[in-house]
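Biologist: I am new to this structure and would like a close look at one part of it. Please take me through that part slowly, with the reasoning laid out.

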Amino acid sequence: MESTDRSSQAKAFDEAKIGVKGLVDSGITEIPALFRATPATLASLKSPPPPKHLTIPTVDLKGASVVEKIGEAAEKWGLFHLVNHGIPVEVLERMIQGIRGFHEQEPEAKKRFYSRDHTRDVLYFSNHDLQNSEAASWRDTLGCYTAPEPPRLEDLPAVCGEIMLEYSKEIMSLGERLFELLSEALGLNSHHLKDMDCAKSQYMVGQHYPPCPQPDLTIGINKHTDISFLTVLLQDNVGGLQVFHEQYWIDVTPVPGALVINIGDFLQVKKIMLLLRSCFISCMIWGLILLFYCVQLITNDKFISAEHRVIANGSSEPRTSVAIVFSTFMRAYSRVYGPIKDLLSAENPAKYRDCTLTEFSTIFSSKTLDAPKLHHFKI
């Protein structure tokens, strides 16, 4: 790890299969050069604080005017807190505890899941773009495809397998309800997005951000938008998630019992207004990621995919989050998506060309996390 060659450092770190948690457990007091963020990233961490009136919107699923409020949040922010969503707090707590329990295990217990093959049912890794990013980020990840074909319980980590399957079912039910509301917010039939298979596939991302000895020199996860239709994020109380809005980075402060809903690139309606009819989101998590490239694309920019990041964890406790992205992620899917035809007109022509989720995920995997993706599909 003392090599000055970044490629060699990344290779050595990857082959050790201990993740960032293993570095912390070794007692390091300085972060390895591999994790030192670029000057541009570090400068962005010192940007001025946002005005006090800019606060993350909250949608009460049992409140009044839900369709209007979800539509406004998706169009103006691309991200919102969701309360009264129907998932018991006890389930949320066990989900966080399960993912934290996996990452807090000894390295040998996790190594059998370690892989760079993102088509595997279950895998543990650190930084999906480790080899091509300018700097690695301070986090580890447990990924799992949970729908349409959930993994067998015996193939999942024993410490968290049962709650992963239970939580996935809860989020599937919630996701179907959200897609109905988003369809109505677009002025479409409530089943429109579901009929496009937007709720068919899930990928779960269990992120772990260990305490960092030099949090001012690195990042938890770099700025990005999600290559998905929708992301549902559960975060613990440590905090660190930020969303970019009106030229400011704004803290998405944890709200007890709430979930964070992110619009993905494929659902972007404000910039991609009509891709909904033919687009099925391919997305990333991580954590986070749940969250907006695919939504932005099929809605022809009507809804926006929120650019977000996670700052390095400067607390004494690890930060844990669980994102479920409605997407096929890195698995092949041949269905063609494009701007939803019912949203197009002479005054609002299509801004994006049709594409498959496989094409979208191929571009995603060839780029660094913070590299723009949607412009590849602009007309």
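Is tyrosine 145 buried or exposed, and what is its relative accessible area? Please start there and build outwards to the strands and rings that belong with it.

Modeller: This is a predicted model, and that should be kept in mind throughout. Tyrosine 145 is buried, with a relative accessible area of 3%, which is under the 20% that marks a buried residue. The strand that holds this residue is E4, covering residues 140-147, and eight of its eight residues are buried.

Strand E4 has pairing partners that can be followed one at a time. With strand E3, residues 122-125, E4 pairs in the antiparallel sense over four bridges, and here tyrosine 124 stands opposite leucine 142 of E4. With strand E5, residues 202-209, E4 also runs antiparallel, and seven bridges join the two; in this pairing threonine 141 stands opposite glutamine 207 of E5.

The rings come next. A pair of aromatic rings is described by the distance of the centres and the angle of the planes. The count of aromatic pairs in the model comes to eight. In one of them, the rings of tyrosine 145 and tyrosine 203 have their centres 4.6 Å apart and their planes at 55 degrees, so the pair is tilted, because an angle that is neither under 30 degrees nor over 60 falls in that class. Since tyrosine 145 lies in strand E4 and tyrosine 203 in strand E5, the pair ties together parts that are 58 residues apart in sequence. Tyrosine 203 is buried as well, with a relative accessible area of 1%.

Another tilted pair is formed by phenylalanine 244 and tryptophan 249, with 5.0 Å from centre to centre and 50 degrees between the planes. Its two members fall in separate classes of exposure: phenylalanine 244, at 27% relative accessibility, counts as partly exposed, whereas tryptophan 249, at 10%, counts as buried. The ring of tryptophan 249 also has a charge over it, for the charged end of arginine 309 sits there, 4.0 Å from the ring centre.

To return to the strands, tyrosine 124, which stands opposite leucine 142 in E4, belongs to a cluster in which ring pairs link Phe102, Phe113, Tyr114 and Tyr124. Strand E4 can therefore be followed outwards in two directions: to E3, through an antiparallel pairing of four bridges, and to E5, through seven bridges and through the tilted ring pair of tyrosine 145 and tyrosine 203, which ties the two strands together.

Conventions. Residues numbered from 1 in each chain as written. Predicted model: local features only at pLDDT ≥ 70, side-chain atom pairs only at ≥ 80, totals over all residues. Heavy atoms only, no water. Buried < 20%, exposed > 50% of the residue type's maximum accessible area, 1.4 Å probe, protein only. Pairing = 2+ DSSP bridges. Phe/Tyr/Trp six-rings, centres within 6.5 Å; stacked < 30°, edge-to-face > 60°. Lys NZ or Arg CZ within 6 Å of the ring centre and 35° of its normal.
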